[in-house]
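Got a few minutes and a structure viewer open? Here is a set of exercises to work through, each with its solution spelled out step by step.

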Amino acid sequence: MQKIKHSVIEDVFALVSAGLFVAFGVFLFQSQDLMVGGAAGLALLGTHAFDVNFGLLFFLINLPFYTLAWTQISRRFTLNTFISVTTVSVLTEQIPAFVDISHVNPIFAAIFGGILIGVGMLIMFRHSSSLGGVGIMAFYLQQRFNIRAGTFQLTVDTCILLCALFFIDWHLVLISILAAFCLNMVISLNHRPERYFPNQGKADRDTTVEASTSHHERLDSDLHPQNG
């Protein structure tokens, strides 16, 4: 079964919607000074360790990932990712002008924010896009080696958050790990292409059965040459 491609209008609407999900999740994180994972988390760690501007560091960290996307995935994926990253960047700056949160429980912010970002990234993945950085690597590994994107991102994000113990309070790191867990569980449980195309799985099983039957027939012929 051939995978159906989305139209340009479908992609644009989906990516803007996904950007809004992610931006609001980031907004919740920022309201409680929670740490993030991925390339943004690496850039934040870099600003704590070195006297480097976050924007410049974030740009430099993403360069090899964009190169990977352009050369190993597709130009469409690279362009869509650029749209997603730009959308999130703009919306994250604009949300405070429309939303004012006087109080929010940090644990709720971690859980709900993580789920929001996870849903946004899931939409991006299904429209050949990502949040850049580690998201590009996760998408590539799942498509090329069938390594689940959520599992890979959870591993990387956990390592980043553990390194954050050297720079921020430990209780904020623990809450941030909870957020990363919720985010990546959304992706890990839902970004499974074999579930989108059940007929493909049936076709693979039929092919396996046919091959097995053929093998047994050949074996039976070898054991009973009079049948030949």
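The exercises below go from the overall fold down to single residues, and keep in mind that this is a predicted model.

**Exercise 1. The overall fold**

Task: Work out how many helices and strands the chain has, and what share of its residues is buried.

Solution:
- Start with the elements: the chain has 10 helices and zero strands.
- Read from the N terminus, the order is α-α-α-α-α-α-α-α-α-α.
- Next, the burial: 38% of the 228 residues are buried.
- Then the surface: about 13300 Å² is accessible, and carbon and sulfur atoms account for 65% of that.
- Last, the contacts: take those between residues at least 6 apart in sequence, and 76% of them join residues at least 24 apart.

**Exercise 2. The salt bridge**

Task: Find which residue forms a salt bridge with Asp 11, and say which helices the pair lies in.

Solution:
- The structure holds one salt bridge.
- The partner of Asp 11 is Arg 76, with 2.7 Å between the closest N and O atoms.
- Asp 11 sits in helix α1 and Arg 76 in helix α4, so the bridge ties together parts 65 residues apart in sequence.
- Now check the cover, where buried means under 20% relative accessible area. Asp 11 comes in at 7%, so Asp 11 is buried.
- Arg 76 has a relative accessible area of 32%, so Arg 76 counts as partly exposed.

**Exercise 3. Checking helix lengths**

Task: Compare the span of α2 and of α6 with the span expected at 1.5 Å a residue.

Solution:
- α2 has 12 residues, and its first and last C-alpha atoms are 17 Å apart, close to the expected 16 Å.
- α6 (residues 134–145) also has 12 residues, and should span 16 Å. The C-alpha atoms at the ends of α6 are 16 Å apart, which agrees.
- While you're there, look at the buried residues: in α2 they include Gly 38, Ala 39 and Gly 41.
- In α6 the buried residues include Ile 136, Phe 139 and Tyr 140.

**Exercise 4. Two residues and their neighbors**

Task: Decide whether Thr 81 and Gln 32 are buried or exposed, and list what each one touches, leaving out residues up to four places away in sequence.

Solution:
- Thr 81 is in helix α4. Its relative accessibility is 0%, so Thr 81 counts as buried.
- The contacts of Thr 81 beyond four places in sequence are Tyr 66, Ser 129, Ser 130, Leu 131, Gly 132 and Ile 136.
- Gln 32 is in the loop between α1 (8–31) and α2 (38–49). With a relative accessible area of 18%, Gln 32 is buried too.
- Beyond four places in sequence, Gln 32 touches Val 104, Pro 106, Ala 109 and Leu 172.

**Exercise 5. Positive phi without glycine**

Task: Locate Ser 128 and Asn 146, and give the phi and the burial of each.

Solution:
- Ser 128 is in the loop between α5 and α6. Its phi is near 50°, which is positive in a residue other than glycine.
- Ser 128 has 18% relative accessibility, so Ser 128 is buried.
- Asn 146 comes just after α6, in the loop between α6 and α7 (149–163). Its phi is positive, about 60°, although Asn 146 is not a glycine.
- Asn 146 has a relative accessible area of 62%, so Asn 146 is exposed.

**Exercise 6. Cysteines**

Task: Count the disulfides, then find the nearest cysteine sulfur to Cys 163.

Solution:
- The count of disulfides is zero.
- For Cys 163, the nearest cysteine sulfur is that of Cys 159, 6.9 Å away. A disulfide needs sulfur atoms within 2.5 Å, so this pair doesn't qualify.
- Cys 163 is partly exposed at 37% relative accessibility, whereas Cys 182 is buried at 13%.

**Exercise 7. A patch and a loop**

Task: Name the residues of the nonpolar surface patch that includes Phe 59, then say how far Pro 96 is from Phe 24 in space.

Solution:
- Leu 56, Phe 59, Leu 60 and Leu 63 make the patch, which covers about 380 Å². Phe 59 is in helix α3 (residues 54–73).
- Pro 96 is in the loop between α4 (75–94) and α5 (106–126), and is partly exposed at 46% relative accessible area.
- From C-alpha to C-alpha, Pro 96 is 9.5 Å from Phe 24, although 72 residues separate the two in sequence.

Methods
Residues numbered from 1 in each chain as written. Predicted model: local features only at pLDDT ≥ 70, side-chain atom pairs only at ≥ 80, totals over all residues. Heavy atoms only, no water. Patch = residues over 30% accessible without salt bridge, like charges linked within 9 Å, V, L, I, M, F, W, Y side chains within 5 Å. Areas by Shrake-Rupley, 256 points an atom, 1.4 Å probe, with all protein chains shown as cover. Salt bridge = Lys/Arg side-chain N within 4 Å of Asp/Glu carboxyl O. Helix = DSSP H or I, 4+ residues; strand = E, 2+ residues; numbered from the N terminus. Buried < 20%, exposed > 50% of the residue type's maximum accessible area, 1.4 Å probe, protein only. Contact = heavy atoms within 4.5 Å. Expected span 1.5 Å × (residues − 1).
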